[in-house]
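Let's go through some labels used for this protein and check where they come from. Have the sequence and the model open as you read.

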Amino acid sequence: MITRKAYAKINLALDVLGKYPNGYHEVKMVMQTINLCDVLRFEEFDCSEEASLEEKIRLIGDGCGELSLGTDNLIFKAAAALESAFPKGKGVEITLEKNIPVAAGMAGGSTDCAATLHGINELFDLRLTDEQLCEKGVKLGADVPYCVVGGTMLAEGIGEKLTKLPDAPELCLVVAKPEMGVSTKYVYEHLDAYDNPPHPDVDGMIKAIEAADKNAVAEKLGNILETVTVPACPEVACIKEILTKQGADGVLMSGSGPTVFSIFFDEAKAAEAVEILRNDSSAKFVCLTNICRGEQ
Ligand code: ATP
């Protein structure tokens with residue numbers, strides 16, 4: 001049996017530069033893995049060579065709530081993308097322990113997808129490189145290649161062109177998500193209606209990371225998608241206000257939202273902010289975590 005942790009991400013900076021003719025948006029983002037993860041277990045079983053895809057790939061969930069565990073789950077899709085390479089007469093049973101909130105802007109689906117590519121690669125000793133896993137992954141989601149490699153990365157193109165950055169400085173984070181989820185598609189579609197929304201300083205964020213300057217990292221946080229999600233989900237502004245009042249050194253929405261994260265240089269203040277948010281109706285999910293540094 002193989003166990004893999006599928007880490008959530010936040011965007012320290014997220015800009016949208018334009019739109020490709022195929023409708024995809026051109027992005028420029030600084031991605032960062034955080035210490036909040038789903039756990040996936042992979043176990044092989046014997047089955048007939050003629051077994052269907054649904055018979056060869058079993059998905060079992062724990063704490064998955066409303067999330068579908070059918071063929072539309074990205075874990076199933078990732079396993080299906082590797083099925084032709086399974087050893088003859090073998091299937092895989094995957095158990096998902098879901099801890100990352102769904103439709104939250106933390107790449108919960110993409111990270112499970114990437115963990116499945118890695119997990120099956122290891123389980124069946126397929127010897128695929130990260131590059132090959134990224135090629136398979138990008139067909140399943142623009143954030144999947146990033147989740148295959150993780151760490152601190154600049155993501156460009158549709159999110160699949162990755163450039164490794166130095167590890168971001170060690171930072172304590174408070175992460176909070178309102179009850180509602182937000183669809184990534186909705187947010188990107190609505191962004192097009194805004195005339196020249198404020199662009200974050202992504203290059204400034206890269207410089208801050210290269211200089212290992214945590215004050216500058218906190219200062220350069222920026223996400224163009226707040227333009228759409230904040231009016232659509234008033235709890236985002238509410239959570240941001242609470243965190244700022246509690247002394248956060250930087251506060252930002254992650255991805256398309258509605259999850260908000262904040263940087264605290266003072267861990268005691270962060271713990272207090274968690275307590276306040278746990279007793280506030282604006283946030284349904286609250287956790288104290290930090291940035292993941294080095295290899296996952
Ligand atoms: P991103 O930050 O990459 O935009 P997100 O955090 O906003 O992603 P996800 O949690 O990945 O959103 O969920 C987006 C949709 O993907 C959900 O509505 C869900 O139906 C679908 N999905 C499929 N498989 C999974 C999975 N294993 N975990 C979470 N969502 C999944």
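Q: What makes the pair formed by a polar backbone atom of Gly105 and an oxygen atom of the ligand a polar contact?

A: The two atoms are 2.9 Å apart, and a polar contact is a pair of N or O atoms within 3.5 Å (within protein, one must be able to donate a hydrogen and the other to accept it, and residues adjacent in sequence count only if both atoms are side-chain atoms). So the Gly105 pair qualifies. Before going on: this is a predicted model, where local features need pLDDT of at least 70, side-chain atom pairs count only at pLDDT 80 or more, and totals for chains, interfaces and linings use all residues. Residues are numbered from 1 along each chain as its sequence is written, and side-chain values use heavy atoms, with hydrogens and water left out.

Q: Which polar side-chain atom lies 2.9 Å from an oxygen atom of the ligand?

A: One belonging to Thr184. Thr184 is also listed with Leu74, Ala103, Gly109 and Asp143 as the closest of the 20 residues that surround the ligand; to be near it, a residue needs a heavy atom within 4 Å. Lys9 has a polar side-chain atom 3.5 Å from a ligand oxygen atom.

Q: Why is Glu226 called buried?

A: Its relative accessibility is 16%, and buried means under 20% (exposed is over 50%, partly exposed in between, with a 1.4 Å probe and protein chains only). So Glu226 counts as buried. Glu226 sits in helix α9, residues 226-232; helices are DSSP runs of H or I with at least four residues, numbered from the N terminus. Leaving out residues up to four places away in sequence, Glu226 touches Pro231, Lys240, Leu252 and Met253, where contact means heavy atoms within 4.5 Å.

Q: Why does His190 count as partly exposed?

A: His190 comes out at 34% relative accessibility, so it gets the partly exposed label. You'll find His190 in helix α6, residues 184-191.

Q: How do you know that Asp130 is partly exposed?

A: Asp130 has 38% relative accessibility, and therefore counts as partly exposed. Asp130 belongs to helix α4 (residues 130-138). Beyond residues up to four places away in sequence, Asp130 touches His118, Val148 and Val149.

Q: Which residues of α2 make the contact with α3?

A: On the α2 side they are Leu74, Ile75, Ala78, Ala79 and Leu82. Residues from α3 include Cys113, Leu117 and Ile120.

Terms used
Helix = DSSP H or I, 4+ residues; strand = E, 2+ residues; numbered from the N terminus.
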